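Student: Could you take me through one part of this model closely? I would like to see how its side chains sit and what they touch.

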Amino acid sequence: MLINILAAVAGETAAPKNQFGFFEAMEQGGVIAWSTFGVLVIMSIGSFYILFTKYFEQQKVMKQGRDIRTNFWRANSLKEGAGKLDKNSAWRQIVDDGLAAETQYGKMDDDLEAHDWLHGSLARSESSINAKLAGGLPFLASVGATAPFVGLFGTVVGIYRALINIGLEGSASIDKVAGPVGEALIMTALGLLVAVPAVLAYNWLQVRNKKIAGELTGFSTDVLANITSKGAVRPIVAAKAPAKPAARPAAAAAAPAKKV
């Protein structure tokens with residue numbers, strides 16, 4: 001008897017089961033809802049993958065650029081300086097392309113044409129590097145532009161299903177429209193949740209790419225000047241700060257007391 005009473009009390013106090021949660025709304029939406037959700041998930045995963053891979057790629061190029069300013073121009077020649085750079089770095093590519101163009105540069109009789117050839121070779125090298133750095137950014141732009149509309153498609157389908165339920169039942173009772181309307185709102189929120197990070201990532205990576213492009217242009221100009229001047233023109237490199245002498249121990253620094 002006591003067990004039955006306790007079971008009845010527990011049944012009365014237990015929280016009612018939520019029939020209008022996320023998974024319940026998606027189940028009511030069927031194949032269209034899950035397909036739309038899958039597309040948005042793929043968009044989101046792709047956006048974050050591109051964000052992190054491009055970020056680490058940019059960090060590598062920017063770190064190599066800082067090393068260029070401190071070590072590269074201390075070498076006696078471009079060929080010697082190129083040996084200090086990573087083989088697959090963007091900066092090494094510019095130097096190698098410049099040296100390759102210099103080989104052809106000496107075969108031209110017209111000085112103006114020779115300079116244009118050298119300048120064009122370095123410009124092509126910069127363009128190829130910038131194109132590689134910009135790889136993947138169109139996907140972010142596409143996600144930022146289309147994800148809200150993909151979510152809107154799910155919203156329209158959810159509202160359409162809610163209207164069908166109202167027409168079949170002849171009334172707009174909450175239990176008949178809560179599922180479809182909930183599905184519609186979920187799709188709207190998911191579309192925005194995918195689009196906003198993609199747009200922010202695109203703009204942020206673009207700003208960093210422009211900064212790198214400016215540094216590459218400056219380095220390319222320095223390489224061009226160095227080649228055309230036969231090594232006479234090069235950027236002024238700050239001298240390394242001399243190492244501070246180690247502090248002498250206090251005991252050693254103190255002079256021994258004289259005996260009277």
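Tutor: Happy to; here is a walk along helix α2, with its aromatic residues and one lysine.

A word on the ground rules: this is a predicted model, in which local features need pLDDT of at least 70, side-chain atom pairs count only at pLDDT 80 or more, and totals for chains, interfaces and linings use all residues. Residues are numbered from 1 along each chain as its sequence is written, and side-chain values use heavy atoms, with hydrogens and water left out.

The chain has eight helices and zero strands; helices are DSSP runs of H or I, at least four residues, strands are runs of E, at least two, and both are numbered from the N terminus. Helix α2 covers residues 22–71.

Let's start with W34 and F37, which both lie in helix α2, three residues apart, about one turn of the helix. W34 is partly exposed because its relative accessibility is 29%, and F37 is partly exposed at 22% (buried means under 20% relative accessible area, exposed over 50%, partly exposed in between, with a 1.4 Å probe and protein chains only).

Next comes F48, also in helix α2. F48 counts as partly exposed because its relative accessibility is 37%. Its C-alpha lies 7.8 Å from that of A198, although the two residues are 150 apart in sequence. F52 sits in helix α2 too and is partly exposed, with a relative accessible area of 47%.

K54, in the same helix as F52, is a nice contrast. K54 counts as buried because its relative accessibility is 7%. What does the side chain of K54 reach at 3.0 Å? The backbone oxygen of K132. Leaving aside neighbours within four places in sequence, K54 is in contact (heavy atoms within 4.5 Å) with K132, L133, G135 and L205.

Now for the loop between α2 and α3, and an aromatic residue there. F72 is buried because its relative accessibility is 3%, and F219 is buried as well, with a relative accessible area of 4%. Ring pairs link F72, W73, W91 and F219 into a cluster; rings of Phe, Tyr and Trp (its six-membered ring) pair if their centres lie within 6.5 Å, and planes under 30 degrees apart count as stacked, over 60 as edge-to-face and the rest as tilted.

To set this in the whole chain, 32% of its 260 residues count as buried.

How values were computed:
Polar contact = N/O pair within 3.5 Å; in protein donor to acceptor, adjacent residues only side chain to side chain.
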